[in-house]
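Have the structure open while you read, and rotate it whenever a new piece comes up. We'll walk through it one part at a time.

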Amino acid sequence: MKNREVLNFSISELAPKIESREVSPVEVTQVALEQLERVTPRTNSFITVLSDKALRQAKEAEKAIMRGDYRGPLHGIPIGIKDNLVTKGIRTTIGSKIFSDYIPGEDAFVVERVKKAGAVILGKENLHEFAIGATSNNPHYGAVHNPWSLDLIPGGSSGGSAANVASCVTFASFGTDAGGSVRMPASLCGVVGIKPTYGRVSQRGLLSSAFVNDHIGPLTRTVRDNALMLQIIAGRDPLDPTTLPVPVPDYTAKIDGGIRRLKMGIPKNYFFDLIDPEVDTAVKKAIIALEEMGIKSKQVSLPNLEYAPALRIISNVENLVIHEDIIRKHKRDYGEDVLFRMLPAEYATALDLARCFRVQRIIIDDFIKALQEVDFIVTPTTPVPAYPIDAQAITIAGVPYSIKGPGRSSSIIGRNTFIGNHIGLPAISLPCGLTEKGLPIGLQLIGRAFEEGILYKVAYHYEKVSPVKGKHPRLLAPGNSTEKEHDG
Amino acid sequence: MSVSKETLRAMTQDFGLIELSDEELEEVLPDVEFQVAILKKIRALALSRVPPARQLRPGEDGEIK
């Protein structure tokens with residue numbers, strides 16, 4: 001096997017080779033670090049690279065395997081961690097200038113879990129400042145570039161994480177999702193990303209900007225790998241009261257089980273109201289593909305989504321409560337986009353906020369009612385594919401929309417994802433097509449609380465027929481020695 | 001809906017909010033107006049009988065409780 005070929009494997013394919021000692025964790029890590037050196041000067045996907053630590057972890061992982069202490073499918077696998085998850089002794093910037101020297105004294109819960117599982121951490125990944133935004137155009141650490149076309153955004157806020165997975169630098173990365181920050185970059189970078197049910201994964205050690213709607217979720221190249229990653233981090237954490245003592249099923253055990261009896265809901269309103277025609281076509285083809293697999297479809301109504309903008313006010317107030325003291329001391333050290341996105345929340349009253357929470361409740365009820373009729377709901381993840389990093393406006397179905405100004409990008413790209421953060425239900429994004437220019441399009445499946453297993457099962461079956469199956473960004477794919485610009 | 005800079009300045013002063021320069025108030029004003037428009041729309045909703053928010057959990061029969 002040629003060294004770089006190992007980067008083409010999924011975790012599910014590579015893990016047995018590591019367990020059987022056919023491939024060594026040190027070899028995999030060295031090759032991943034070579035890919036990192038080749039790729040990341042263009043994608044700017046890391047804030048802190050941990051080459052030496054990663055090699056030490058890989059050597060330890062190898063020694064453990066040699067003495068018969070194999071810890072499971074993540075053992076010896078190189079992964080990335082978004083830089084808003086604390087890492088003991090390793091700086092954690094949250095993409096902010098203010099925290100550029102912050103070195104936490106402990107690991108986040110999910111970092112503890114993956115370390116225990118034997119993963120090798122390549123570095124801390126670039127993100128939208130404070131994880132508040134959809135582009136990953138970071139004013140302090142530079143914009144993250146989409147590996148499918150370097151002039152384009154990768155989506156955000158977990159842009160570095162998605163770019164690394166898509167360009168085969170990491171086999172998986174952790175993102176966080178308070179408005180779509182796992183699913184949007186998954187969609188725009190052509191990878192798989194899940195926002196689990198609120199309460200499924202501990203948020204301990206997530207330097208969050210929103211208590212009530214933040215989630216940690218894995219980004220991976222395949223659905224099965226995503227299930228493997230969630231398996232490792234799901235479950236109750238006694239130190240995080242937001243987690244619930246709901247048993248964690250074996251996500252991969254039944255992933256290839258039958259789906260013919262399932263019903264899917266197609267929203268009558270909202271999710272297809274503002275959509276790029278190429279995205280619309282790809283998602284509708286995916287729906288037909290799911291129907292051809294035997295899944296019955298039914299239109300569902302979510303009438304209160306008309307009031308969904310109220311949910312953004314909740315997020316903005318949440319963000320401001322967390323940032324208020326820091327802004328008073330360090331206002332000049334914030335990027336304008338993030339600062340001015342939060343400030344309007346100062347002028348919302350307590351009564352307004354209480355009303356917004358009631359709107360949240362009636363929207364939750366819409367979804368709960370719909371999900372009594374169907375097993376999951378299908379939508380486009382993002383209404384548009386990736387657009388240029390320096391874009392001031394985008395055109396959807398011939399109509400121009402300004403994306404200049406605080407929060408404007410999120411209001412377009414995040415239109416279909418931020419709802420999920422406020423209803424708490426699980427939602428996965430997986431690739432379902434490429435535009436004529438070769439840019440990925442994402443399909444979102446939203447399920448019932450704690451039923452990530454159903455989403456994985458449907459996504460796993462769809463992945464087999466997805467037109468994007470096996471496609472990587474041409475420029476950055478391992479094994480491509482031609483350093484030629486991707487024309488996508 | 002129109003909101004004046006003077007209103008925002010007075011609120012900032014009276015409620016001890018984060019101090020903003022004239023330019024910053026100018027920048028924030030359109031988004032405050034947008035927010036006010038959203039809030040006006042939801043004030044028209046009958047929300048007094050909405051049951052309290054609750055955590056999501058699966059029931060024994062798989063139904064969401």
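Here is a tour that goes from a sheet, to some helices, to the meeting of two chains. Keep in mind that this is a predicted model.

Let's begin with the sheet in chain A. Eleven strands make up this open sheet, and if you step across it you pass β1-β3-β2-β6-β8-β7-β14-β15-β11-β9-β10, with mixed pairing. At the edges sit β1 (46-49) and β10 (296-300) of chain A, each of which pairs on one side only. Ignoring direction, neighbouring strands of the sheet are turned by 30 degrees against each other on average.

Now zoom in on one pair of neighbours. Strand β9 (residues 263-267) of chain A pairs with strand β11 (residues 376-380) of chain A in the parallel sense, over two bridges. If you want to find a bridge yourself, look for Met264(A), whose partner in β11(A) is Phe376(A).

What lies across β1, β2 and β3 of chain A? That's helix α3 (residues 51-66) of chain A, which runs at about 155 degrees to β3(A).

Next up is helix α5 (residues 159-166) of chain A. Is this helix enclosed or open to the outside? Eight of its eight residues are buried, so α5(A) is largely enclosed by the rest of the structure. Among the buried residues are Gly159(A), Ser161(A), Asn164(A) and Val165(A). Just after α5(A) you'll meet Cys168(A), which takes a positive phi of about 60 degrees.

On to a pair of helices. Two packed helices are described by the angle between their axes and the distance between the axes. Helix α7 (residues 223-233) and helix α14 (residues 452-465), both of chain A, pack at an angle of about 160 degrees, with axes 9 Å apart. Angles over 145 degrees count as roughly antiparallel, so α7(A) is roughly antiparallel to α14(A). Where they meet, α7(A) brings Val223(A), Arg224(A), Ala227(A) and Leu230(A), while α14(A) brings Glu452(A), Tyr456(A), Ala459(A), Tyr460(A) and Glu463(A). Sort these residues by class and you get six nonpolar, no polar and three charged.

Finally, let's bring in chain B. How many of its residues are in contact with chain A? There are 24 in chain B, and they touch 33 residues of chain A. On chain B's side, α1 (5-15) and α2 (22-43) each supply at least two residues. The largest share, ten residues, comes from α2(B). By class, this side of chain B has 17 nonpolar, two polar and five charged residues.

Key: Residues numbered from 1 in each chain as written. Chains lettered and ligands numbered in written order. Predicted model: local features only at pLDDT ≥ 70, side-chain atom pairs only at ≥ 80, totals over all residues. Contact = placed C-beta atoms within 7 Å. Helix = DSSP H or I, 4+ residues; strand = E, 2+ residues; numbered from the N terminus. Nonpolar A, V, L, I, M, F, W, Y, C, P; charged D, E, K, R; others polar. Axes fitted to C-alpha atoms, helices over the stretch in contact; angles between N-to-C directions. Parallel < 35°, antiparallel > 145°, perpendicular 65-115°, else oblique. Buried ≥ 20, exposed ≤ 12 C-beta atoms within 10 Å, placed from the backbone. Pairing = 2+ DSSP bridges.
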